[in-house]
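Reader: I should be grateful for a close look at the largest nonpolar core of this structure. Which residues touch the most other members there?

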Amino acid sequence: MTTPLEHADRRHFWHPFTQMKEYEQQPPHVIERAEGVYLYTQDGQRYLDGIASWWVNLVGHRHPRLDQALKDQIDRFSHVSTATLTHAPAIRLAEALVDVLPRGLTRVFYSDDGSTAVETALKMVFQAWQNRGEPQRVRFVALEHAYHGDTLGAVSVGAVPIYHRIFKPLLFPVYHAPSPATCLAPSGVDEAAWMEQALAPLEAWLHQHGLEVAGFILEPLVQAAAGMYMYPPAYLRRVRELCDRYRIPLIADEVAVGFGRTGLMFACEHAGISPDVICLSKALTGGYLPMGITVATDALFDAFYADYQDGRTFFHGHSFTGNPLGCALALEVLALFRDGLLDALPERIDALQQGFASLAELPWVTQVRGIGMIAALDLVDARSRAPFPAEARTGYRVCREALSRGLYIRPLGDVLYLLPPLIITPEQLRWSIEVLKASILAVLDR
Ligand code: PLP
């Protein structure tokens, strides 16, 4: 028996990244409340949120301090334009962020989500060159398998065929450099050699076109949406050097990995580098409200700073730019970090990574990998060790099985991963990994 709510869901709610014909055939999972790492449905099911509600949830659902920060701000005001006007939450957040960001990132531009943080970055670096009188700098460099969001600028720099291929006629051309992701290396090629192989064509291309490049965007250390493809910090350092050599602004898209996800506050810290621009979103508000932030250096800001008549203004912004509710949440998130959120991680990271390492014993599992509070694996045919045919939807079937056992995860093709709220306990992690194992066995051990 479908309830009126479930009926209306099928009739009117077009879900993201979802084939609605398939969705209609599944029982709906209507979430009624959530607490900590758990989601509860209206019919009494409990799911552990193994992907932190699409990588946004930082410290669990209904965190008392975040709830309070939001309520306090609602009692003052919920939104006001930040053109002409300004307000304390946005000012304080800008100041507090600059304190924790990698060195040199000082100018904070607000937007709405990860995609708009990326769009802002692309337009910002592009216009900076126009303003400076180097109009030939119009090209962008990104990585193969990149994912930077779903708006068209972000799709242009993206390179995940299943999401991006169809929109190609609408996109601006981008040089996509080979991905250094270690899991893509042919067997027998070690990480360092693979990185050099990835760098060689990039260096050659930049040698020819470096001075035409407006910006280089990448996801530091984890190409998340591609399938949690991870690469070593040394690659980031090499890209930083190349960008310096050709005076290319480096844009670090930390939308998925910022705010402790990799074990450090920002993934760039693993490499000891500072980008020229950083894009933030997702966990920024603890995963409560959408908000994007693009932070640039003084040097970039200065390219726009001029008399109005000079025509250098950045004509860019959104209705909800600097939304005070999001800012109040983000300020509380930073306070949680000051109070030691990162210090609690090592034990949880060990439980997650060791648990995943143990899954390598399953004959269908390969390329177990992880960093911080992200762990991933690839499913392959046990006998041939080759990927399953895409039509078999193996990853999808394992995730459905996991859901029926109380664990909410989503596949990236046949990549399975856990990316839970950072407050998950080692015990809850061990339970999740047991469920994942049992789900793989239930689907594949026939
Ligand atoms: N950049 C990265 C690295 C992402 O992983 C994502 C989303 O997953 C985005 C940008 C886009 O963020 P949003 O979905 O909030 O627009």
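Author: A nonpolar core is here a set of buried Ala, Val, Leu, Ile, Met, Phe, Trp, Tyr and Cys residues that are joined through side-chain atoms within 4.5 Å, where buried stands for under 20% relative accessible area. The model is predicted. Its largest nonpolar core holds 116 residues, and those that touch the most other members are Leu-202, Phe-216, Met-228, Tyr-235, Phe-259, Ile-293 and Ile-440. Helix α14, residues 324-338, supplies eight residues, the largest share of this core. Because residues come both from domain 1 (4-59 + 342-444) and from domain 2 (67-338), the core lies between the two domains.

Met-228 may serve as an example. Leaving aside residues up to four places away in sequence, Met-228 touches Trp-55, Val-222, Gln-223, Arg-369, Ile-374, Ala-376, Leu-412, Tyr-417 and Leu-419. Apart from this assembly, there is a second, separate core of 25 residues, with Met-124, Val-125, Ala-142 and Ala-154 among them.

Ile-293 leads on to the strands, since strand β12 spans residues 292-297. Strand β12 pairs with β4 in the antiparallel sense, over six bridges; within that pairing, Thr-294 of β12 is the bridge partner of Phe-109. Both strands belong to an open sheet of seven strands with mixed pairing, in the order β4-β12-β11-β10-β7-β5-β6. At its edges are β4 (105-111) and β6 (174-177), each of which pairs on one side only. From one strand to the next, the twist averages 20°.

Terms used. Residues numbered from 1 in each chain as written. Predicted model: local features only at pLDDT ≥ 70, side-chain atom pairs only at ≥ 80, totals over all residues. Heavy atoms only, no water. Pairing = 2+ DSSP bridges. Helix = DSSP H or I, 4+ residues; strand = E, 2+ residues; numbered from the N terminus. Axes fitted to C-alpha atoms, helices over the stretch in contact; angles between N-to-C directions. Buried < 20%, exposed > 50% of the residue type's maximum accessible area, 1.4 Å probe, protein only. Domains from an automatic or database assignment. Contact = heavy atoms within 4.5 Å.
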